[in-house]
Every structure is written in structure tokens, then in C-alpha cells.
Amino acid sequence: MRQWKKNPPLLPVTPNDIISYTFAETSGETQHLRILTGEFMGIVFAYDNVRIHEETSQARFEFTFDVIENPNLIDTNAESFTMVLGDILVDVMESQMQQGKDFLNETRGNDSKESDSQ
């Protein structure tokens, strides 16, 4: 289980600012993740078509996702949901890089997108 803090807060961190997630059981080659806490608790999703844009010294992620399970029928079209998935993606990528792994290639096979260096 990993914990992630929402975008750096200006105020002290509260329990609502911490979201826990874990890798879920998968069927096939795509890695699923499950959100364990927060307003999106219970949702299982998979990243799709992840692209990394290196426009400046910082990279920007562009991605689509598939919702696998949504037991509480939460609105997954909300911008706040997409932002949470983006922040989880950054956390997963940083964790995998620290472990010497490549999350995109290991979980998406040869379908992952390479960096768009300009």
C-alpha cells in the first residue's frame, strides 16, 4: 500500500489530504490500481495511453484511463478525479524509478508511449 499526499497544501496536511492506493489484481497485461481512501475509495482503474511531455526542466504527463470497478458509482468524469489519478501516476513513476523499474513498459508491454522530447 502506498500513500500519496495531494498537491502540496498551503495549510497543514489533514487526513483528507492523504490518499492510499495499492496495485490490484489484474487480468491480462494491464496493471490495475485500487484507491483505498478518500472520496474515490473503492475505485479500481488502469492507466491507458500515458505520454510524457518534456517541455521544460519538468515533465508533464498526459494520459487516459479506464475505470474497472466503481462500486459507489462516483463521478469519474470530474476534474478532481483526473487530478488524483495524475498525482498517483507521478507517485507511482517516482517510486518505480527509485526501484530501477519502468512502470510504463512493465505494465503496458510494448504499447507504452515514449517521451516526446522537443
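Strands, in the sense used here, are DSSP runs of E at least two residues long, numbered from the N terminus. By that reading, Asn 49 is found in strand β4, in what is a predicted model.

**The nonpolar core**

The largest nonpolar core holds 19 residues, of which Leu 33, Ile 35, Phe 40, Phe 45, Tyr 47, Leu 85 and Ile 88 touch the most other members. The elements that give two or more residues to this core are the strands β2 (18-24), β3 (32-35) and β4 (44-54), together with the helix α1 (79-98). The greatest contribution comes from α1, which gives seven residues to this core.

Leu 33, which is found in strand β3, counts as buried because its relative accessibility of 0% lies under the 20% cut-off. Although Leu 33 and Leu 85 are 52 residues apart in sequence, their C-alpha atoms are 9.9 Å apart in space, and both residues are listed among the core members that touch the most others.

**Aromatic pairs and the aromatic cluster**

The structure holds five aromatic pairs, and two of them, each sharing Tyr 47, are set out in the table.

| Aromatic pair | Geometry | Centre to centre | Angle between planes |
|---|---|---|---|
| Phe 45 and Tyr 47 | edge-to-face | 5.1 Å | 90° |
| Tyr 47 and Phe 63 | edge-to-face | 5.5 Å | 85° |

The pair of Tyr 47 and Phe 63 links distant parts of the chain, since Tyr 47 lies in strand β4 and Phe 63 in strand β5, 16 residues apart. Tyr 47 counts as buried because its relative accessibility is 3%, and Phe 63 is likewise buried, with a relative accessible area of 17%. Phe 45, the partner of Tyr 47 in the other tabulated pair, is buried as well. Phe 45, Tyr 47 and Phe 63 also belong to one aromatic cluster, which they form with Phe 40, Phe 65 and Phe 81.

**Two residues with positive phi**

Most residues other than glycine have a negative phi. Against that background, Asn 49 has a positive phi of about 50° although it is not a glycine, and Leu 73 likewise has a positive phi of about 50° without being a glycine. Their settings can be described in turn: Asn 49 is found in strand β4, whereas Leu 73 is found in the loop between β5 (59-69) and α1. Asn 49 counts as partly exposed because its relative accessibility is 39%, while Leu 73, with a relative accessible area of 75%, is exposed because that value is over the 50% cut-off.

Note on methods:
Residues numbered from 1 in each chain as written. Predicted model: local features only at pLDDT ≥ 70, side-chain atom pairs only at ≥ 80, totals over all residues. Heavy atoms only, no water. Core = buried A, V, L, I, M, F, W, Y, C linked by side-chain atoms within 4.5 Å. Buried < 20%, exposed > 50% of the residue type's maximum accessible area, 1.4 Å probe, protein only. Helix = DSSP H or I, 4+ residues; strand = E, 2+ residues; numbered from the N terminus. Phe/Tyr/Trp six-rings, centres within 6.5 Å; stacked < 30°, edge-to-face > 60°.
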